Amino acid sequence: MADDLKTPLLDELEKGPWPSFVTDIKTCVDKSDMCKDLLGQLEKSYEDRRGYWKHGGLVGVMGYGGGVIGRYSALPEEYPGVSHFHTVRVNQPSGWFYTTDALREIMQIWDEHGSGLTNMHGSTGDMVLLGTRTEELEPIFRALTEKGWDLGGSGSDLRTPSCCNGPARCEMACYDTMDMTYNLTKSYQDELHRPMFNYKYKIKMSGCPNDCTAAIARSDMGIIGIWRDAIKVDQAAFAEYVDSGMDIQGAVVDLCPTSCITVEGKEINIDDSDCVKCMHCLNRLPKALSPGDDRGFAICLGAKAPIVEGALFGSVIIPFMKIEDGDYEPLHDLLERIWEFWDEHGTARERIGEFIERISLATFLEGIGEDPSPKMVKAPRDNPYIFYEEYYEEEGEGASEE
Amino acid sequence: MATEAKRVTDIGPPHYEQFLHPIIKENYGKWQYHDSIKPGVLSHTGPSGTIYTVRCASPRLVSTNFLNNIMDLADKYSDGYFRFTSRNNIEFLLAKEENIDPLIADLNAMGTLVGGTNNAISNPVHTQGWVHCHSAATDASGLVKAVMDELSEYFTSEKLPAKLRVAVACCLNMCGAVHASDIAILGLHRTPPRIDNEALPKQCEIPTTVASCPNNAIRPTSVDGKTTVKVDEDKCMYCGNCFTVCPAMPLADPINDGVSIWVGGKISNARSEPMFTKLAIPYLPNNPPRWPEVTDAVKSIVELYAANARPFERVGEWINRIGWEKFFDMSGIEFTKYHLDDFRHAGTTYRRSLHNRY
Ligand code: SF4
Ligand code: SF4
């Protein structure tokens, strides 16, 4: 029973309009001592202004190197319920779509074997089952796989790929994010479950440059939808926006970053040769404008948070690519070239973005066999320290024989 | 009893198609347009009909009880189909327009809010904090709750100039990727690691530990005849990278750990390019359970932005237009030496023009 649980500080977080995680955890204290002791230990953290979890700990399920994060309380005598409090990462379905039937099965497993607490979802994308004991890991894994679910990644491996809802519920999607996520996840199970890289490798798929999965900031490899031809315009639908009294000039024309939109009467004209596919006009006028027909994606490498060398956004490595007839081979081929080169020349705990900065983009492109393009830079270099690799030799005496 | 099923591995996730509402399946890849019906409610239309989305807030850290309640509502109103967004909101996918209002009423009754669409603050992305993480300098779930209690009117309405994304990370590892949010709340340590010379030789490899420091602040040394490490305190920037590699170098310090506030990041390519978040307030104290200094600071930045930005201008776009000196003037936030970058490529942030406002 949880009668002895006193949490005056946490109780303050039950007030106010935003849904309260404290109120929610309290609904579980009679179900599980883990929840009771989690609240107890958290209350102590609030009193003492510091955390009470020990550093890491190697736990997992047989044959897997990733997917479970070991966690032990630093105060196991005081809070035995959370002496072990491991996290299980479950590979989420593409786009985080569920049916109640499927998710209920997982919740039953979790009530039986764990704390009953979850993160829906973790930062990388996985469903996170939060808090269980070492001896429960294998039974949880068995129960999950029996229902068709598998673990995600953790550690220095391919992290669980994730995507926006793409063609499932968005008219802007320029490629099938849902299918690509499924394909990559299924194709690289070994890389996902058995750490084999220098450091983590995150892949996120966004269907258009609005980038709802934050691929440009949060993935070593961001795959972001784009089109190459003209924006498709439905002039009749545009006329309806004009008739509705919308401030087209202020809300659309003036905000186009390359000033490539003009409006005459009830007609919109876009100079597509100057359009940078920023999405603003499409976002404002979804009924009138849509991405062109020549759709595909760009690939940006190297995004990461600050640790170790500072934060990076991804930068364009492949300006345009498309999957045709469901053939993912060209993408797999690129991915494998990137991994092979990074594996060979990267150092421990060096993310691919830091690796590219260290060896230079030119060397990296050469290493993976891609040609440079002005679409990969904001501007060409402004310093003259160029490492030339080709020299002319004087003919005859002294000329190189190589 | 049935015999135990054979152990299978590497099956990957279930195929997403079985989780898609029939209307979504029929319109897959064929959507024509979307509409915003009211805050938190969208409709998407394709040749095979319209699906209505109702979006509600979730604390992200949720129990099976909470999810079971959500699923009861999904069974009642959305044929058992629902999804989560990249910012951990929950979305119900409804075939019937007349189910929208009863669902909203039930959601409000169970203690959550409907909103988060368009020019609103969506669910804050956040990390684990004191609930589960060993390197946290602050809590994350509690900070989100305290801040969003103050800002919930901006979740349930669309009255901001543009969308505003709030994120919380409890240490510089930034599992919540606060480095590109409109307003970021970032926990930080402010003291060098305290070295456990007893445990260190047993738990850590010296060369790996030395190599882990981005600023070369760590050197091998020997204490009482045992090989361990020392930290050059002038060089240490409290990133905690060494602690990740070596547990015998903890940074947690209840007196000095605290919270910083960053502003003006964005991910989307709309109008301007993606931008990193930049430092607004270098330090605020950790004052659980409600972090009044942090909630006040965040609220006043949001209100300043709401009153001054032009339509569709994100926080970073607004500040770039008015200039950072004006941002500091208008917000009353003190500009200190800590605002001057001193890490790699710091010079790229120095003013190298006379484009100042007086
Ligand atoms: S997508 Fe952006 S750049 Fe292209 S026309 Fe629209 S507003 Fe202009
Ligand atoms: S906290 Fe960071 S800067 Fe300080 S010693 Fe450790 S690795 Fe180096």
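**Pro289(B) occupies the loop of chain B that runs between strand S13 and helix H8 (292–308).** The bond leading into this residue, from Pro288(B) to Pro289(B), is a cis peptide bond with omega near 5°. Helices (H or I, at least four residues) and strands (E, at least two) are DSSP runs, numbered from the N terminus. The model is predicted: local features need pLDDT of at least 70, side-chain atom pairs count only at pLDDT 80 or more, totals for chains, interfaces and linings use all residues, and side-chain values use heavy atoms, with hydrogens and water left out. Residues are numbered from 1 along each chain as its sequence is written, while chains are lettered from A and ligands numbered from 1 in the order in which they are written.

**A cis peptide bond in chain A joins Ile307(A) to Val308(A).** Omega of this bond is near 10°. Val308(A) belongs to the loop between strand S13 (295–301) and strand S14 (315–321) of chain A.

**Ser259(A) and Arg349(A) are shown for their backbone angles: phi of Ser259(A) is near 45°, and phi of Arg349(A) is about 60°.** Both values are positive although neither Ser259(A) nor Arg349(A) is a glycine. Ser259(A) is placed in the loop between helix H10 (248–251) and strand S10 (261–264) of chain A. Arg349(A) is found in the loop between helix H12 (329–345) and helix H13 (352–359) of that chain. Burial is graded by relative accessible area, with buried under 20%, exposed over 50% and partly exposed in between (1.4 Å probe, protein chains only). Ser259(A) counts as exposed because its relative accessibility is 63%. Arg349(A) has a relative accessible area of 22% and is therefore partly exposed.

**Arg271(B) contacts residues of both chains from the loop between strand S12 (258–263) and strand S13 (278–285) of chain B.** Its relative accessible area is 15%, so Arg271(B) is classed as buried. A contact requires heavy atoms within 4.5 Å. With neighbours within four places in sequence left aside, the partners of Arg271(B) in chain A are Leu255(A), Pro257(A), Cys278(A) and His280(A), and those in chain B are Phe312(B), Arg314(B) and Glu317(B). The side chain of Arg271(B) forms a polar contact of 2.8 Å with that of His280(A). A further side-chain polar contact, of 3.2 Å, links Arg271(B) to Glu317(B). Such a polar contact is a pair of N or O atoms within 3.5 Å; within protein, one must be able to donate a hydrogen and the other to accept it, and residues adjacent in sequence count only if both atoms are side-chain atoms.

**Pro14(B) is situated in the segment before helix H1 (22–27) of chain B.** The relative accessible area of Pro14(B) is 11%, and this residue is therefore buried. Apart from neighbours within four places in sequence, Pro14(B) is in contact with Pro93(A), Gly148(A), Trp149(A) and Tyr182(A) of chain A, and with Phe19(B) of chain B. Ile261(B) is 247 residues away from Pro14(B) along the chain, and their C-alpha atoms are 40 Å apart.

**Ligand 1 is surrounded by 13 residues.** The closest of them are Cys256(A), Cys275(A), Cys278(A), Met279(A) and Cys281(A). Residues count as near a molecule if one of their heavy atoms lies within 4 Å of it. The shell of ligand 1 comprises 11 nonpolar, one polar and one charged residues. Ala, Val, Leu, Ile, Met, Phe, Trp, Tyr, Cys and Pro are taken as nonpolar, Asp, Glu, Lys and Arg as charged, and the others, Gly among them, as polar. Cys278(A), one of the closest residues to ligand 1, is also among the contacts of Arg271(B).

**The residues around ligand 2 belong to chain B.** Among them are the cysteines Cys213(B), Cys236(B), Cys239(B) and Cys242(B). The surroundings also include Pro214(B), Ile218(B), Val231(B), Met237(B), Tyr238(B) and Leu251(B), together with Gly240(B) and Asn241(B). By class, this shell holds 10 nonpolar, two polar and no charged residues.

**The two chains provide the setting for these views, with 14 helices and 14 strands in chain A and 10 helices and 13 strands in chain B.** Of the 402 residues of chain A, 57% are buried; for the 358 residues of chain B, the share is 58%. Along the principal axes, the C-alpha atoms of chain A fill a box of roughly 85 × 80 × 45 Å, and those of chain B one of roughly 75 × 75 × 35 Å.
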